[in-house]
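Subject: Structure handover

Hello,

Here is the structure we talked about. Please load it and keep it open while you read the notes below.

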Amino acid sequence: MRVRFAPSPTGALHIGGARTALFNWLLARHEGGELLLRIEDTDRERSTVENVEQILDALRWLEIDWDVGPILQTARSQRHGEALQALLDAGHAYRSGATADDVKAFKLLHGANRGFRGAEEPDGAVRLHVPNEGATVVHDVIRGETTFENVHLDDPVIARADGSVLYNFAVAIDDLDAGITHVVRGEDHLSNTPKQLLVLEAARAVGLDRSGGRPPSPLPIYAHLPLLHGPDGKKLSKRHGAASVQELRDAGYLPAAVRNYLALLGWGAGDDATVLSTDELIERFTLERVSRNPARFDETKLKWLNGLYIRNLPLSELTQRLEEFTGRTGLEQAARISQEKIHTLADFLPLAGPLLDGPAEDPKARERWLGDDGRAALAEARGALEQAPTFDEGSLEQALGAVIERRGAKPREVYQPLRVALTGTTISPGIFESLVLLGREEALRRIDGALAARS
RNA sequence: GCCGCUAUCGUCCAGGGGACUAGGACGCCGCCCUCUCAUGGCGGAAACCCGGGUUCGAAUCCCGGUAGCGGUACCA
């Protein structure tokens, strides 16, 4: 088995593209096949080398590796030219000066009952001859058979007048030459498949599948994946938050969690399993279990899953990822006490930052917890902290517990003023853990600051 | 417009003629745990798009409608 992922470098790698890459990768790894990476850069207007780099980056971040490539489609222009000429010579394709407007006018006149057939002219763009009779049938592992009546199909332009080839031609020739056995891609390509099948048919008729003396290859098996939509059911876009892999990374998601979540979009293990390691995904992935319905990208569920993955990370790895993400060092203790409270790497600094960098500014929190009662409790807590025999979680809990008891207070009536004094806010890691992280001296300093702030 | 794909809780995924009182997960609601926020535990609300047909029996098969989406480029 040989599959391919073939993005076009007209932008960053989108989540939909990432899902397609993942499914191809899971399939190849499950079957012990090969994954080929091909960059479809025949769109001269929109393809850029920066985008190519970004796509490779995104795949590497996702830890999706490939066995062959990356192959640039434009690097194969010589072969494309030969193949094109072969079809031209054999009369499977022809040149025509007809423009897109001509096609539109033709459709207006004839409706859908006739596909556009151009006049053969000495020069102009190259169109493929589509027969008026018969039908082209796409056999799809996921969708079964889809029949396209040839008479509905326009003769597609397969190359510009200057000989540079277009997608529907290049993709067919490249898949043929690369010996691709399974074409797994988004459903948006389903309607293009008959054109590619027709190109393939013509290519095989002139012996292009036997170029270089190789044996003729069978047609690839097709699998068209359901599309991914934004939370509103519309096409995924910037408006939906993280739409590209880069944005997912910047939002603090873990690659393993992203793979797990993406695998669940359009596929299910079949036994209600939701949390699946990458090994399990590889083990269990089959095309037969891919669903036909479009799926919506729901960041809430990703967030939950990511939180789960973060909680299951060894502390050393979490620390390393947090340090990489924030560009800081010495985060291990803060990471330890934040681990079960964050859902993304990006949640870390808002939670633990005040501990590390000094109290946050939150007037509401001060007003609510550092009034007269709060300050009285805080002053008493300060004394207990100063007196505590050792400054570890156990003895602090004991010392502060005694304060609570003595005052006949609810625990929060002591802990919240203390928390606000320490961090400036009402949300933080556990109070004892936070105290230990700060150390006695710094903790007392912050408490004194809070007591002095306003009388 | 035309061609095509799709249709189960708000979302994702099961179920594919009787085992359905339709299952799991996220989210939501309630309770418990609790120093805040989380985590964890327990419980709850929540769906077979509509209409015909086939059948003893339809969420499941067929047809139609509707809706969503894709394609209809000298984009991919």
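Which helix gives the largest share of the lining of the second largest pocket? Helix α11, residues 315-326, does, with five residues. Before the rest, one caution: this is a predicted model.

Pockets

Let me stay with that second largest pocket. Its volume is about 240 Å³. The lining consists of Trp61, Arg249, Tyr253, Leu254, Pro255, Glu317, Gln320, Arg321, Glu324, Phe325 and Leu345. By class, six of these residues are nonpolar, one is polar and four are charged.

The largest pocket has a volume of about 1,200 Å³. It has 34 lining residues. Nearest its centre lie Pro7, Ser8, Thr10, Asp188 and His189. Four elements each give two or more residues to this lining: β1 (2-5), α1 (15-31), β9 (182-186) and β11 (228-229). The top contributor is α1, with four residues. The class split for the largest pocket is 13 nonpolar, twelve polar and nine charged.

Cavities

Now the enclosed space. Rolling a probe the size of a water molecule over the atoms shows where empty space is left. At 30 Å³ or more, the structure holds two cavities.

The largest cavity holds about 60 Å³ of space. Its lining is made up of Asp175, Leu176, Gly179, Ile180, Leu200, Arg204, Ser217, Pro218, Leu219 and Pro220. Two helices, α5 (167-178) and α6 (193-205), each supply at least two of the lining residues. Six residues of this lining are nonpolar, two are polar and two are charged.

The second largest cavity holds about 40 Å³. Around it sit Phe5, Ala21, Leu35, Leu36, Leu37, Leu59, Ile64 and Trp66. Strand β2, residues 34-39, gives the most to this lining, with three residues. What classes do the lining residues of the second largest cavity fall into? Eight are nonpolar, with no polar and no charged residues.

Helix packing

Three helix pairs are worth a look. Start with α15 (residues 372-387) and α17 (residues 411-423). Their axes come within 9 Å and cross at roughly 80 degrees. That crossing angle makes α15 roughly perpendicular to α17. From α15, the contact uses Gly374, Ala377, Leu378, Ala381 and Leu385. From α17, it uses Glu413, Val414, Pro417, Leu418 and Ala421. This contact has eight nonpolar residues, one polar and one charged.

Next, α17 and α18. Helix α18 covers residues 431-438. The axes of α17 and α18 come within 11 Å and cross at roughly 35 degrees. The crossing is left-handed. On the α17 side, Tyr415, Leu418, Arg419 and Leu422 take part. They meet Ile431, Phe432, Leu435 and Leu438 in α18. Seven residues of the contact are nonpolar, none is polar and one is charged. Note Leu418: this α17 residue is listed in the contact with α15 and also in the contact with α18.

Last, α16 and α18. Helix α16 runs over residues 393-407. It packs on α18 at an angle of about 120 degrees, with the axes 9 Å apart. That angle makes α16 oblique to α18. Here the crossing is right-handed. The α16 residues in the contact are Glu393, Leu396, Glu397 and Leu400. Their partners in α18 are Phe432, Glu433, Leu435 and Val436. By class, five are nonpolar, none is polar and three are charged. Phe432 and Leu435 of α18 appear in this contact and also in the one with α17.

For a quick tour, begin at Pro7 and His189, which are among the residues nearest the centre of the largest pocket. Move on to Trp61 and Tyr253, both in the lining of the second largest pocket. Then go to Ile180 and Leu200, which are part of the lining of the largest cavity. Finish at Leu418 in α17, where it takes part in the contact with α18.

Regards

Note on methods: Residues numbered from 1 in each chain as written. Chains lettered and ligands numbered in written order. Predicted model: local features only at pLDDT ≥ 70, side-chain atom pairs only at ≥ 80, totals over all residues. Heavy atoms only, no water. Axes fitted to C-alpha atoms, helices over the stretch in contact; angles between N-to-C directions. Parallel < 35°, antiparallel > 145°, perpendicular 65-115°, else oblique. Contact = heavy atoms within 4.5 Å. Nonpolar A, V, L, I, M, F, W, Y, C, P; charged D, E, K, R; others polar. 1 Å grid on protein atoms, 1.4 Å probe; cavity = no way out; pocket = protein on both sides within 12 Å on 5 of 7 lines; lining within 4 Å. Points joined across faces, edges and corners; volume = space filled by probe spheres on them. Left-handed = near helix turned anticlockwise from the far one by under 90°.
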